[in-house]
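Biologist: I would like to learn how to read a few features of a model. Could we go through them together?

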Amino acid sequence: MQCLNVDLGDRSYPIYIGARLLEGPGLLAPHISGKRVCIVTDDTVAPLYLPALETALAAYQITRVVLPTGEAFKNWATLQQIFDALLGERHDRKTTLIALGGGVIGDMTGFAAACYQRGVNFIQIPTTLLSQVDSSVGGKTGINHPAGKNMIGAFYQPQAVLIDTSSLQTLPEREISAGLAEIVKYGLIRDADFLDWLERNMASLRALDSDLVTEAIMRSCAIKAEVVAADEREGGVRAILNLGHTFGHAIETHQGYGSWLHGEAVGAGMVMALDLSARLGWIDVQQFERGRRIIAAAGLPVAPPESMTVDDFRRLMAVDKKVLDGQLRLVLLRALGEAIVTADFDTDALSACLAGAQS
């Protein structure tokens, strides 16, 4: 097992990374203050990992909430099921919520923890590659709205993140590729050496080579922990973590939540960000092609759905958390490994990028 720390003063917490971590109570116990826990999972993950977690937590009084699987259920109605269970079982402020599942479960459980009795503790146990390297770390929680993804939520940090790499063995290939999108993102925005390493090892990562996957998770979480420690509430540098997300969220919203996996939409969105960066003259054509090649090698789409028009993108990108004072800000690249957040870009270049993505 390896351990990283997210340094946020009195809200700091550990990230435990290793195989078969779900099978013992030792890592979780220090982060549970009361005698009661509420495990929130979904109907795909529950048969696979809920029994082992319940065995590890046999010393506690357990409430189980099993939600339907998928991004389409990341909404108020599903969130209400968590509150119904907590209130129905009379959980108090000393209860600990435990998110067992992918990013949807982690986001909703964290948001429920932030709201229930104005805040109770929670622990993240992410079971998908994407949630292990991204959504479980950093304290972003929330739900979707029909008009925009993740537009309702809160910043609320967990007590701990437990990443059991054994859970990746049950993921379909498509989910592995979705997780690799976020891993590639870290190389593109902040670590050119990591991007080189990913380019060399992509085939083995897709085949779930244990040592390489563990290293990729470690390096990704280390980058995210560093960025979050510098800017917890996304007032500045943290926004670079959204490379490709403004385009990607537009794709997800247009297609219907769950039609495209989040990582798939981010993959196509990162290619669009690379394209716009090249059109602005910030990276050259060779860098654009290399970035697109790495994203394709991860098994990700490199273009948005043909059904989306330029007007669709403009309408949906206007509903984005990075829009300030009516100005759209985008995460773009000055070089591979160097990202910026800016509203200072040629709008004609953006129009050409959006039109070119559909050609």
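Biologist: At roughly what angle do the axes of helix H11 and helix H12 cross?

Modeller: Happy to start there, keeping in mind that this is a predicted model. The axes of H11 (residues 310-317) and H12 (residues 347-357) cross at roughly 125° and come within 9 Å. An angle over 145° would count as roughly antiparallel, and 65 to 115° as roughly perpendicular, so H11 is oblique to H12. Their crossing is right-handed.

Biologist: Which residues of H11 and H12 make the contact?

Modeller: A general idea helps first. An α-helix has 3.6 residues a turn, so residues three or four places apart point the same way. Here H11 brings Val310, Phe313, Arg314 and Met317, while H12 offers Thr347, Leu350, Ser351, Leu354 and Ala355. By character, the residues of this contact divide into six nonpolar, two polar and one charged.

Biologist: Let us turn to H8. How many of the residues of helix H8 are buried?

Modeller: Helix H8 (residues 245-255) is mostly covered, with nine of its eleven residues buried. Those buried are His245, Thr246, Phe247, Gly248, His249, Ala250, Ile251, Glu252 and Thr253. Their cover includes strands S8 (148-155) and S10 (330-335), along with helices H5 (173-190), H9 (262-279), H11 and H12. Just after H8, Gly256 takes a positive phi of about 100°.

Biologist: And the cysteines: how many disulfides does a search of the whole structure find?

Modeller: As a reminder, a disulfide is a covalent bond between the sulfur atoms of two cysteines. The search of the whole structure finds zero. Cys3 is in no disulfide, and its nearest cysteine sulfur, in Cys221, is 11 Å away. For Cys38, the closest cysteine sulfur is that of Cys115, at 14 Å, which is too far for a bond.

Biologist: Is Cys38 buried or exposed?

Modeller: Cys38 counts as buried, because its relative accessibility is 0%. Cys3, on the other hand, is partly exposed, with a relative accessible area of 44%.

Biologist: One last residue, Asp107. Where does Asp107 lie, and what does Asp107 touch?

Modeller: Asp107 lies in helix H3 (residues 103-115). With a relative accessible area of 8%, under the 20% cut-off, Asp107 is buried. Leaving aside residues up to four places away in sequence, Asp107 touches Lys74, Ser135, Lys140, Thr141, Gly142 and Asn150. Trp197 is 90 residues from Asp107 in sequence, and the two are 30 Å apart in space, C-alpha to C-alpha.

Key: Residues numbered from 1 in each chain as written. Predicted model: local features only at pLDDT ≥ 70, side-chain atom pairs only at ≥ 80, totals over all residues. Heavy atoms only, no water. Axes fitted to C-alpha atoms, helices over the stretch in contact; angles between N-to-C directions. Helix = DSSP H or I, 4+ residues; strand = E, 2+ residues; numbered from the N terminus. Parallel < 35°, antiparallel > 145°, perpendicular 65-115°, else oblique. Left-handed = near helix turned anticlockwise from the far one by under 90°. Contact = heavy atoms within 4.5 Å. Nonpolar A, V, L, I, M, F, W, Y, C, P; charged D, E, K, R; others polar. Disulfide = S-S within 2.5 Å. Buried < 20%, exposed > 50% of the residue type's maximum accessible area, 1.4 Å probe, protein only.
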